[in-house]
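Open the structure in your viewer and keep the sequence panel beside it. The stops below tell you what to select and what to look for.

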Amino acid sequence: LAQATRVQAPVAAPTSARSRTARDPSTVCACARGWRPFLAEVRDSLRRARTRGRPPELQPRSRAGVGGRPRRCRRGCMAEEDDQDLFSVREHIKQLHAQRVELARELQQVEIDKKKAENEKKKLDDELDKVIDELEQAQGKHQKDTENMDDFRERGRSEFIRRKVREQLGRRIPRMVKIEESEEHQKEKQDGAQADAAQNDGKDKHRGGQKQKGIHNHVLVSYFNGIGSDEYQVAYRIDKSITVSQLHRDCCSYWGCSHNEYVLCTTTDDEAGARMESSVKPLWSWKEDEDPSEQLNQTLLHDTPEQSVLKPHEKAQLHLVSKEKFGQFQAQQDAARAENKAKQQTQETAEDPNTIKSLKYGYVANEGIAEPFVEALKPWPGMHTLLKNRDRVRLHKWSRSRLRDFVTYGVLLILTAASLNLRSTMPMYIIREGAVQALAIGINGETSNGLPPVEFESIIHPDRMWDWIMGTVHYQLWNESSTLRRFYEPVGQLQIRQQMAGDAECPVRNLPIQFQKPCYNLFVEANTQYTMNLNPKFGESLQAFRYFENTTVMLQNVMPPYAWRPPSAPSYTLRGIVQSVYDNSGYAINFDTARNITAEQWIRDMSFAKGYWLTYRSRMLAVEVTLANHHLGGFLSTNFLFELTPGGSVNSVLDVLPFSPYRTTSEDVAEVLDIISLVILVFYVASLRVLSKMKERRQQDRIRWSYFVSFGFFLDALAVGLAVAGAYEYLQPSPPDPLTQTGFYSYSHIAKRLQSVNSLQSCLLMVLIVKYTTLMRISPSVFRFFKFFTRSLHMFTYFLAMFLPILFANMFLANTIWAPYIISLSTWTQTASLIVLGTYQPVPDAVQMRATGGGWTIPFLMFFWFSTAGFVIHMFLAITVQAYWEVELIEGADPNQERWSRDQYLDWALWPSVYKWITGKKSGSSRSANAADDFADSSSSSSDSDDEGK
């Protein structure tokens with residue numbers, strides 16, 4: 001278009017010439033020939049313009065002929081066609097200009113519409129913001145209304161109860177309804193009543209100075225039948241003419257009872273009854289020496305209040321009671337009055353700023369005030385419940401512990417620790433370990449039978465048992481060059497003792513004759529042992545059992561080995577695996593350790609015992625001897641126990657305990673310290689402190705005997721019991737001197753008694769330490785730890801309801817699969833021990849379980865790990881973390897407020913008179929002066945942590 005526009009100026013001349021040449025045809029061809037170069041350029045421009053989008057109907061036809069030469073005009077000239085092309089170009093340009101103007105106008109209108117739309121959008125956004133604000137306000141108001149819904153519901157319930165009670169009163173005692181209505185409008189009518197009183201003052205004086213008093217017009221009569229005082233009731237309308245006798249006869253006629261056997265009586269309120277011995281008063285006396293006519297003829301209402309039976313200020317209620325049950329009714333009313341008075345006192349003393357009085361449960365009670373920050377957490381039920389149910393009643397932290405408790409338990413700790421240290425002078429481990437290495441483990445080359453030494457705990461077959469007895473035992477005890485005899489000396493006699501099982505009924509009956517054999521008991525208890533003398537074996541004579549009479553084993557004053565020996569003093573027991581306890585009865589062979597018994601004699605004697613003395617009835621074989629170590633000043637009670645099962649296997653149990661039968665100076669001092677500790681525990685902890693705690697609970701209006709179910713009393717009672725038990729064990733008579741014994745004497749009970757004394761002293765020390773730590777609850781940080789332990793144990797109790805069944809399932813499954821193969825899984829108790837240990841460490845018998853499990857090992861271990869060790873056991877850690885977080889959230893406080901001043905420490909530590917003499921202040925003044933420093937526990941958690949301050 002631009003190129004076409006540029007040629008408009010030169011085109012004007014030919015247009016003018018065209019009009020002239022039209023009149024002069026001779027000049028057309030010459031003109032046309034002069035314009036040809038210019039027209040060629042215009043045609044090129046127009047051709048390029050066509051390619052840029054001109055309509056097809058406006059495209060000119062080609063002017064070029066063959067060889068690019070211009071064709072001649074049909075009329076002999078091309079000027080007119082060129083003019084027509086230029087005219088069409090101009091018309092097209094005008095159309096384009098018109099379209100451009102129209103498009104510019106439309107664009108301007110669109111911009112105007114866009115601005116209007118933007119303004120409208122801005123207004124709509126403002127309106128949307130306003131709507132969102134209004135919605136948020138409405139939601140907040142709705143949330144507040146929802147939070148207060150409980151209060152509205154309680155108010156509506158109270159109003160409903162009040163309305164129902166008023167309706168019941170209206171039907172029975174209309175007068176009381178009128179009184180209530182007058183009380184409700186009392187405030188509105190107060191000013192008018194004062195004005196009326198002033199106006200009527202002159203009228204009252206004119207009438208004699210007496211005003212008309214309000215009187216009752218109804219009376220409520222209750223019939224007492226011995227079950228309940230208010231079970232049957234009826235209301236009577238009365239006036240001034242009704243007497244007591246008339247009302248009495250009407251009531252008796254109504255209930256169908258004799259007026260000679262029943263009497264009307266009144267009950268006084270609490271204020272009036274407090275000045276009387278009893279709250280029940282009959283309207284007349286039925287004694288023979290008194291005339292009740294005057295009282296019966298008295299009117300119920302009188303103009304003078306003092307002479308009226310029904311006083312205006314008291315409720316109009318009477319009771320029809322049988323004369324025979326009058327005492328019962330009186331006792332019931334007195335008990336009810338005492339109970340109401342106690343409730344009122346309890347509510348008055350228990351009032352605190354966090355409670356209000358309400359009629360939520362039908363009677364006046366203290367109810368906690370809803371805290372705004374707690375109610376704001378209602379969308380989170382867990383946090384809301386935790387804070388809402390927390391203890392808000394706080395006590396002074398100095399009431400948890402007293403200085404005398406710190407001093408007393410500190411002294412007990414020092415005395416017990418000193419006593420335990422004075423008794424532990426003998427190196428028990430060194431004394432025991434030397435004998436165990438020589439006898440139980442064995443030393444190469446030190447056996448009498450020439451065989452390698454047998455380790456005691458690896459014995460599982462009777463032949464290995466006899467190899468150990470014939471080889472290691474003889475060499476170490478009777479060979480002077482043995483390792484044991486270099487440091488230890490056998491004293492007294494060595495005893496080999498067995499117990500046999502008695503006859504029992506076979507579990508399988510009706511067997512063929514060729515399979516029937518005698519059956520024997522599995523255990524050798526007092527009622528299942530075989531106690532008869534042993535008979536010859538395989539038809540041999542009794543002389544075979546008297547073989548020992550011609551050898552070195554038969555001693556004087558010793559029962560023969562074929563005779564059963566009952567339990568004798570000193571009584572002692574041995575603990576086993578198959579059977580828990582074995583007493584000291586049975587068949588025994590005694591050997592004198594002072595005699596020189598050669599290896600040949602020993603092997604010959606043991607071979608005879610193996611072949612003739614030990615039988616299929618035998619269930620237990622024990623080798624018992626006492627050893628002395630003069631270098632360390634101690635003795636050893638050695639007991640090697642073999643449990644012979646009916647299946648032919650052997651369980652070996654080692655029992656080697658050190659002891660000292662002599663009293664030392666340090667032990668005498670320890671005994672004195674124990675006596676002092678026992679006196680303190682009995683006279684202070686078990687008596688004075690108990691009375692003091694019961695007195696404190698009574699001052700706090702709590703049950704005094706609840707102290708006996710608290711954790712503090714449990715620790716005190718446990719300490720006293722341990723001290724008494726330790727004193728009883730230690731004050732037993734001394735045993736005989738082992739060096740003077742010529743026969744067999746078991747010192748097993750002496751060694752166990754010494755071990756029990758040390759164990760009791762250690763337990764007493766532990767209990768006293770725990771008790772002393774409970775006194776440290778006076779520190780807020782320590783107190784929170786105790787609350788943390790208490791809350792954790794509470795959660796553990798619920799979690800164990802899920803954990804214990806899973807643990808039992810693993811125990812039952814393991815015992816069922818591996819009981820025939822592994823001894824540690826053969827019984828329920830041993831299986832339980834292995835499962836409990838497996839929760840914190842690898843299963844000790846995993847390799848043996850895999851070898852004998854038959855494909856069950858991997859599934860069982862996977863189930864055990866996922867159900868116990870992998871997941872469930874870590875819940876205990878999660879519970880402790882949760883409990884610690886809850887305690888820090890609920891019981892946390894500002895350390896600056898918890899810190900005590902010097903005056904408060906003196907007030908807590910000193911007696912009142914001493915504190916007043918030093919500071920000049922009254923005892924307890926520092927406590928009330930700054931109550932914010934009190935970090936206290938709830939009075940409802942006395943049995944959870946301790947008894948201090950409760």
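A charge is said to sit over a ring when NZ of Lys or CZ of Arg is within 6 Å of the ring centre and within 35 degrees of the ring normal. The model on your screen is a predicted one.

**Stop 1: two charges over rings**

Select R617 and Y530. The charged end of R617 sits over the ring of Y530, at 4.2 Å from the ring centre. Then select R423 and Y730, where the charged end of R423 is over the ring of Y730 and 3.9 Å from its centre.

**Stop 2: a sheet of five strands**

Now colour the strands β13, β8, β14, β15 and β16, which form an open sheet in the order β13-β8-β14-β15-β16 with antiparallel pairing. At the edges are β13 (587–592) and β16 (650–659), each of which pairs on one side only. On average, neighbouring strands of this sheet are turned by 15° against each other, direction ignored.

Select residues 462–478 next. This is helix α17, which packs on the sheet and touches β8, β13, β14, β15 (634–644) and β16. The direction of α17 makes about 15° with that of β14.

Within the sheet, show β8 (residues 489–500) together with β14 (residues 618–629). How many bridges join strand β8 to strand β14? There are nine, and the two strands run antiparallel. To see one bridge partner, select R497 and look for A622 in β14.

**Stop 3: V650 on strand β16**

Select V650, which lies in strand β16. Is V650 buried or exposed? Its relative accessibility is 2%, so V650 counts as buried. Leaving aside neighbours within four places in sequence, V650 is in contact with several residues, among them I459, I460, H461 and P462. F642, E643 and L644 are also in contact with V650. Add D463 to the selection: V650 and D463 are 187 residues apart in sequence, but their C-alpha atoms are 9.8 Å apart in space.

**Stop 4: aromatic pairs**

A search of the whole structure finds 34 aromatic pairs. Begin with F456 and W468. Their ring centres are 5.3 Å apart and their planes are at 55°, so the pair is tilted. F456 lies in the loop between α16 (428–441) and α17, while W468 is in helix α17, so the pair ties together parts that are twelve residues apart in sequence. Both F456 and W468 are buried.

Move on to F635 and Y662. Here the ring centres are 6.0 Å apart and the planes are at 65°, so the pair is edge-to-face. F635 lies in strand β15 and Y662 in the loop between β16 and α20 (665–699), so this pair ties together parts that are 27 residues apart in sequence. F635 is buried, with a relative accessible area of 4%, whereas Y662 counts as partly exposed at 34% relative accessibility. Now add F659, Y745 and Y747 to the selection: with F635 and Y662 they form one aromatic cluster.

**Stop 5: E886 in helix α27**

Finally, select E886, found in helix α27 (residues 875–891). With a relative accessible area of 10%, E886 is buried. Which side chains make polar contacts with the side chain of E886? One is that of R791, at 3.0 Å, and another is that of Q882, at 2.9 Å. Not counting residues up to four places away in sequence, E886 touches L386, R791 and M795.

How values were computed:
Residues numbered from 1 in each chain as written. Predicted model: local features only at pLDDT ≥ 70, side-chain atom pairs only at ≥ 80, totals over all residues. Heavy atoms only, no water. Pairing = 2+ DSSP bridges. Helix = DSSP H or I, 4+ residues; strand = E, 2+ residues; numbered from the N terminus. Axes fitted to C-alpha atoms, helices over the stretch in contact; angles between N-to-C directions. Contact = heavy atoms within 4.5 Å. Phe/Tyr/Trp six-rings, centres within 6.5 Å; stacked < 30°, edge-to-face > 60°. Buried < 20%, exposed > 50% of the residue type's maximum accessible area, 1.4 Å probe, protein only. Polar contact = N/O pair within 3.5 Å; in protein donor to acceptor, adjacent residues only side chain to side chain.
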